[in-house]
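Me: I am new to this structure and would like to learn how helix packing and nonpolar cores are read from a model. Could you take me through some cases step by step?

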Amino acid sequence: MKPQAITSRQIETAANLLRVGGVVALPTETVYGLAARADSVEGVAKIFAAKNRPAINPLICHVSNMEMASNLVNFDKTALKLADAFWPGALTLVLPKNGETVADAVSAGLDTLAVRMPSHEGMRAIIEAVGAPLAAPSANRSGRMSPTRASHVERDMKDEIDLIIDGGPTEFGLESTVLSVRDGEVTILRHGAIAREEIEDFLGIPINEITTAKTPQSPGQLLRHYAPKTPLVLNSLKGEAQLGFGTGGTMDLSPRCDLKEAASHLFSMLEELDQLGADEIHIAPIPNYGLGVAINDRLTRAAASVAKS
Ligand code: TXA
Ligand code: MG
């Protein structure tokens, strides 16, 4: 999906609000983010309040150039290689914090910081205009699905934020892949828009998988997440709200069984099916490789989370 361009007027308006501690919803290539200056205690506090986000869950800092990134975190050789290859893009690197101050709440007391340089040009232009990194989680209330359209943000949290910049539907429709890089060890903390295989092929070494049995390295992994209101039934296709994958259905994630296309439709189609008021949403099996791993991760969490609430 080609992103809708952002005008220089929108860039200026957003940057002016952000500069003085405002909170603005912005499009990225993955999902919409809820942004504030990372060094604004007040702005960052507004993000946590608007999302009702637990304070233990740290935020990603978005940068527009490498200098900004190196002021925030220390890159070892592996991290530099990854940034070179995948930035700007949908890869978040969790690295040891550097000297530059960001509001304490951004890193939730950890000695690491998550950093990403988005490929969305309008988003990068806004960061550049503000002249400081922007902390931005996905622009949804905590535990709900990530927004892939401005209208999702508007419906969910209009009253909590200063401005929503509409950049049309997002390109990937799935959050960035989060990797921790420490002492040459690479661990995947969240599957996302860049498939694990692509990163492994590039590095030529296997990357570790985080398991909940280990000490939680990515606090967000432990939280309820990505849930529509209607209960989900996985690997089944019946009833009045069916989400297919090359199978047809009320909606089909990708009639041609393309995982990238399916990822880009996942949240918006779940949103639409959620509006039908059906008893359940049934979802066809999705292959568990490539971007399918991230899709299945979101679906499993969503299914578990609704069942528990
Ligand atoms: O695509 C994306 O990543 C979007 C767009 C807006 O950039 N952002 C996003 O942010 O999905 P959020 O806050 O919804 O997810 C960030 C994830 C969480 O799972 C969080 O726990 C993890 O990154 N994270 C952030 N800082 C971390 C850190 N220092 N150590 C480990 N995990 C961290
Ligand atoms: Mg999120």
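The turns below look at two helix pairs and then at the nonpolar cores.

Reply: Please keep in mind from the start that this is a predicted model.

Me: At what angle do helix 1 and helix 6 pack, and how far apart are their axes?

Reply: An angle that lies outside the ranges for roughly parallel, roughly antiparallel and roughly perpendicular counts as oblique. Here helix 1 (residues 8-19) and helix 6 (residues 121-130) pack at about 50 degrees with their axes 9 Å apart, and the two are therefore oblique to each other. Their crossing is right-handed.

Me: Which residues make that contact?

Reply: Helix 1 contributes I11, A14, A15, L18 and R19, while helix 6 contributes A125, I126, A129 and V130. Sorted by class, this contact has eight nonpolar residues, no polar ones and one charged.

Me: How do helix 4 and helix 8 cross?

Reply: The axes of helix 4 (residues 77-86) and helix 8 (residues 196-203) come within 11 Å and cross at roughly 120 degrees, so this pair is oblique too, and helix 4 passes helix 8 in a right-handed crossing. The contact is formed by T78, K81, L82, A85 and F86 of helix 4 together with E198, I199, F202 and L203 of helix 8; by class, it has six nonpolar, one polar and two charged residues.

Me: Which residues touch the most other members of the largest nonpolar core?

Reply: A nonpolar core joins buried residues through side-chain atoms within 4.5 Å. In the largest core, which has 65 residues, L26 and L93 touch the most other members. Leaving aside residues up to four places away in sequence, L26 touches residues including A14, L18, M123 and I126. A second, separate core of 29 residues includes F245, M251, M269 and A284.

Definitions and conventions. Residues numbered from 1 in each chain as written. Chains lettered and ligands numbered in written order. Predicted model: local features only at pLDDT ≥ 70, side-chain atom pairs only at ≥ 80, totals over all residues. Heavy atoms only, no water. Axes fitted to C-alpha atoms, helices over the stretch in contact; angles between N-to-C directions. Helix = DSSP H or I, 4+ residues; strand = E, 2+ residues; numbered from the N terminus. Parallel < 35°, antiparallel > 145°, perpendicular 65-115°, else oblique. Left-handed = near helix turned anticlockwise from the far one by under 90°. Contact = heavy atoms within 4.5 Å. Nonpolar A, V, L, I, M, F, W, Y, C, P; charged D, E, K, R; others polar. Buried < 20%, exposed > 50% of the residue type's maximum accessible area, 1.4 Å probe, protein only.
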